[in-house]
Amino acid sequence: MPSFDPTLPPIQFPLFGNSLVVAVPSLLHILLAGLSVGFMILAPILEWQGRSNSFYTELAHSITRFTVVVFSASTVLAVIMVELLIGLFPVTTMWMWNQFRGPLALGIAAFLLQFGALYPYYHYWEPIRRRRPSLHLAMGIVAALLMLIWVLVLDGMGSYMLTPVRGTATWSNLVNPTWLPLALHRFVGNLVMAGYVIAAYGAWRAGRPQDRAHEGYYLSLVNVGWLIGLSSLLLQPFTGLLYAWSLEQVVPSAYEQVVRGPYQYLAYLQFSLIGLLLIGNHLMLYAAGRMGARLRWLDVAMAVAVLMMIASIGHPVVRRACLYVLVGLSVWSVWNASPRFRFPFDHGFGAWGRSLTVSLGILSVLIYLTMGTIRETARRPDTVRSLISLQDEAEHPAAFRAGARSASDTSPLGVEEGR
């Protein structure tokens with residue numbers, strides 16, 4: 001009688017490959033989820049500000065509506081992503097779930113509980129605010145904090161895949177060397193994208209003939225969104241430095257793979273987009289007529305700093321110096337214009353200003369997605385660095401052979417850690 005081998009053959013998508021098939025729904029989910037997290041953080045802050053200006057209350061209500069509406073689409077994409085991970089990368093998926101049993105239980109509980117605060121916060125907005133405004137604000141804060149717990153767990157899992165620790169307890173795996181730097185970097189990144197997307201939406205609506213009657217409202221969206229995006233953007237290089245430094249210290253080979261290795265093109269793309277975003281903010285002040293006389297030296301200095309930053313991708317010290325020069329020039333540009341404006345646009349703006357604002361929103365989204373792609377590719381050819389490789393996934397598909405070690409053991413697939 002022939003022996004029975006329970007091992008299933010690996011699934012391989014033709015043409016695109018398994019990694020790209022998983023990447024598409026993952027990036028779309030991350031994009032919507034990042035915006036939702038940014039909006040959930042901003043909503044109670046804007047509502048609190050709305051005590052003296054009803055515009056902020058209306059904006060808080062609008063971005064909460066966006067969060068509630070996109071939850072369905074984001075959840076569908078998350079389910080597709082998880083199903084693909086189970087089918088195409090079963091070894092890695094099962095290993096990660098076993099390593100994070102405790103944190104995942106906490107994160108899922110927080111995720112479900114936040115619905116109990118978020119949905120009444122939105123659906124009973126006026127009744128609760130009319131009777132108990134403090135309670136309504138507290139519900140928004142609770143929803144945001146509970147969502148951040150879920151995000152922190154996911155950041156712990158994502159950082160662990162690049163910088164795994166040798167602990168056996170699930171909580172020690174969460175607190176790996178790059179967890180907090182990554183969480184802080186993504187937190188600020190969510191605010192950068194959320195701010196610029198709000199501004200881009202306002203600019204798009206302000207340019208439509210049918211919305212001219214509400215142009216003042218949409219100009220306010222541009223103002224507030226742009227200031228949120230710019231303030232967060234000026235903080236982002238410092239959180240990025242902290243994250244990059246932690247990678248250099250813990251996994252220098254992964255860092256080298258991005259800045260000097262086969263994935264250097266992603267670093268070129270990332271810093272090109274960052275340079276364009278910083279220059280675009282400077283041009284916004286010209287578009288708003290807030291810079292007075294054209295400052296040619298400042299234009300030239302920013303262009304030269306961007307070009308030097310891109311050219312020095314493989315030389316981190318020079319690249320970082322150029323980035324911080326750009327941040328300094330951006331601060332000076334805003335400071336120079338500040339005596340002449342509270343908000344950049346208060347008397348309308350032309351087609352060029354609208355196009356520029358929409359472009360900044362698109363750039364912020366592209367930067368967010370590129371950063372996520374860089375973090376994922378830094379692990380290659382491993383899925384969990386030094387523990388599970390893409391080759392392991394191909395050789396151990398879907399079911400373990402008789403006698404193989406359980407995914408809950410110290411090392412998956414019977415492979416020695418640190419190989």
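Two rings of Phe, Tyr or Trp are taken as a pair if their centres lie within 6.5 Å. In the predicted model examined here, this criterion yields 15 aromatic pairs. Among the contacts it identifies are ring pairs that link Phe 55, Tyr 56, Tyr 201, Trp 204, Tyr 217 and Tyr 218 into a cluster.

Within this cluster, Tyr 217 and Tyr 218 form an edge-to-face pair, with a centre-to-centre distance of 5.3 Å and an angle of 75° between the ring planes. Tyr 217 has a relative accessibility of 22% and is therefore classed as partly exposed, whereas Tyr 218, with a relative accessible area of 8%, is buried. Another member of the cluster, Trp 204, also takes part in a contact with a charged group: the charged end of Arg 208 sits over the Trp 204 ring, 4.8 Å from its centre.

A further aromatic pair is formed by Phe 39 and Phe 66. The centres of these two rings are 5.1 Å apart and their planes meet at 80°; because planes over 60 degrees apart count as edge-to-face, the pair is assigned to that class. Phe 39 belongs to helix H1 (residues 18-49) and Phe 66 to helix H2 (residues 54-88), so the contact ties together parts that are 27 residues apart in sequence. As for solvent accessibility, Phe 39 counts as buried because its relative accessibility is 4%, while Phe 66, at 28% relative accessibility, counts as partly exposed.

Terms used
Residues numbered from 1 in each chain as written. Predicted model: local features only at pLDDT ≥ 70, side-chain atom pairs only at ≥ 80, totals over all residues. Heavy atoms only, no water. Phe/Tyr/Trp six-rings, centres within 6.5 Å; stacked < 30°, edge-to-face > 60°. Helix = DSSP H or I, 4+ residues; strand = E, 2+ residues; numbered from the N terminus. Buried < 20%, exposed > 50% of the residue type's maximum accessible area, 1.4 Å probe, protein only. Lys NZ or Arg CZ within 6 Å of the ring centre and 35° of its normal.
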